[in-house]
Amino acid sequence: MSQNNQVQQSFLEKKRLRDQKIPHLLQQVERQPPVAAIETRTRNRDRLDDLVQYPNRLSQLALAANPPEKPQSVSPDAALQRLLEGNQRFVDGAYQNLQQSQSRFQETASAQYPFASILGCADSRVPTEIIFDQGVGDLFVIRLAGNVASQTAIGSLEFATSVLGTQLIVVVGHSDCGAVAAAVKGELLPGQIGGFLENIKPTVARVKDKTGDLKANTVIANIQYQAQKLAESSTILAGLIQAGKLKIVGGQYDLRTGKFTIVT
Ligand SMILES: [Zn+2]
């Protein structure tokens, strides 16, 4: 028997013995008058807390002994499908939240294998995991005002794809984006707030002569531009695309409906 198995067996045995004591501890509380029962309950509380923690400890131990194997990377199309289905559940109010349990924390504590990467806007109304109904360890997320493909963002996405193995990057812009509106107005912003403006300027120039709402047009053009910039300004990302191991798509999240729609 391996050492890990022996440790697990020993835990199982301790758990069995302690489980047997739970009814006895509870009976002690029930048999006594109220004041004494409170004292006994306080005395026993730590022991009971200890007992109820055992299943978690056991599962932590099992995971330490047998860490999850690196799963097969999820293909770009399958990853996108998973996100679109998650967004539909969000829109329908039919959340699953399967990946937010105690066991999921333990499962992902030793390694991460996200199935998609996101470059989204920092806007508080576009919380990535919530709008796609995903959980802990599912998505590698970069959020910056205006969902801009800054140098730092590109570096993080190179890591997510070439090291962690995600095969899909989604640029997530959104309706009524304040960062895009500021770029359209050409506002001068104090301090370093306007650091993103330079990254959006080329987009404004692209659509300024287009008919329709300039701000709405710029939001779409900005999503397309940032997605294009990712593919063109990183040799790592470009290489993965060429090898068929990466797709970059862009989409718009509607603040009023919660719906995410592909625009690239
Ligand atoms: Zn925004």
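## Ground rules and overview

Helices here are DSSP runs of H or I with at least four residues, strands are E runs of at least two, and both are numbered from the N terminus. On that basis the protein comes to eleven helices and five strands. Keep in mind that this is a predicted model: local features need pLDDT of at least 70, side-chain atom pairs count only at pLDDT 80 or more, and totals for chains, interfaces and linings use all residues. Residue numbers start from 1 along each chain as its sequence is written.

Of the 264 residues in the protein, 29% are buried (20 or more other C-beta atoms within 10 Å of the residue's own, against 12 or fewer for exposed and anything in between for partly exposed, with C-beta atoms placed from the backbone). Then there are the contacts, meaning residue pairs whose C-beta atoms, placed from the backbone, lie within 7 Å. Among contacts with a separation of 6 or more, 70% join residues 24 or more positions apart.

## How far to trust it

The predictor's confidence in each residue is pLDDT, on a scale from 0 to 100. Its mean over the protein is 84, and 74% of the residues reach 70 or more. Residues 48-52 are a weak spot: pLDDT stays under 50 there, and the model gives this stretch three contacts beyond four places in sequence. Where pLDDT is low, the predicted coordinates should not be read in detail.

## H8 against H9

Now for some helix packing. Helix H8 covers residues 178-185 and helix H9 covers residues 197-207; they pack at an angle of about 70°, with their axes 9 Å apart. (Axes are lines fitted to C-alpha atoms, for helices over the stretch in contact, and angles run from 0 to 180 degrees between N-to-C directions.) That angle makes H8 roughly perpendicular to H9, a label for 65 to 115 degrees; under 35 is roughly parallel, over 145 roughly antiparallel, and the rest oblique.

H8 passes H9 in a right-handed crossing (right-handed if the near helix is turned clockwise from the far one by less than a right angle, left-handed if anticlockwise). On the H8 side the contact uses Ala179, Val180, Ala182, Ala183 and Val184, and these meet Leu197, Ile200, Lys201 and Val204 of H9. Sorted by class, the contact of H8 with H9 has eight nonpolar residues, no polar ones and one charged. (Nonpolar covers Ala, Val, Leu, Ile, Met, Phe, Trp, Tyr, Cys and Pro; charged covers Asp, Glu, Lys and Arg; the others, Gly among them, are polar.)

## H10 joins in

Helix H10 (residues 214-233) packs with H9: their axes come within 9 Å and cross at roughly 125°. That makes H9 oblique to H10, and H9 passes H10 in a right-handed crossing. H9 brings Ile200, Pro202, Thr203, Val204, Arg206 and Val207 to the contact, while H10 brings Leu214, Asn217, Thr218, Ala221, Asn222 and Tyr225. The class tally for the contact of H9 with H10 is seven nonpolar, four polar and one charged.

H8 meets H10 too, with axes that come within 9 Å and cross at roughly 115°. So H8 is roughly perpendicular to H10, and this crossing is right-handed. Val180, Ala181 and Val184 of H8 make the contact with Leu214, Lys215, Thr218, Val219 and Asn222 of H10. Its residues divide into five nonpolar, two polar and one charged. Lys185 also sits in H8, and it counts as exposed because it has 11 other C-beta atoms within 10 Å. Lys185 and Lys215 are 30 residues apart in sequence but 9.2 Å apart in space, C-alpha to C-alpha.

## Loop residues to look at

Asp133 lies in the loop between helix H6 (128-131) and strand E2 (139-143). Its phi is near 50°, a positive value in a residue other than glycine. Asp133 counts as buried, because it has 23 C-beta neighbours inside 10 Å. From there you can step to Ala94: the two are 39 residues apart in sequence and 9.0 Å apart in space, C-alpha to C-alpha. Ala94 is in the loop between helix H4 (76-92) and helix H5 (102-109), and its 9 C-beta neighbours inside 10 Å make it exposed.

Asn147, in the loop between E2 and helix H7 (151-163), has a positive phi as well, about 40°, although it is not a glycine. With 32 C-beta neighbours inside 10 Å, Asn147 is buried.

How values were computed
Contact = placed C-beta atoms within 7 Å.
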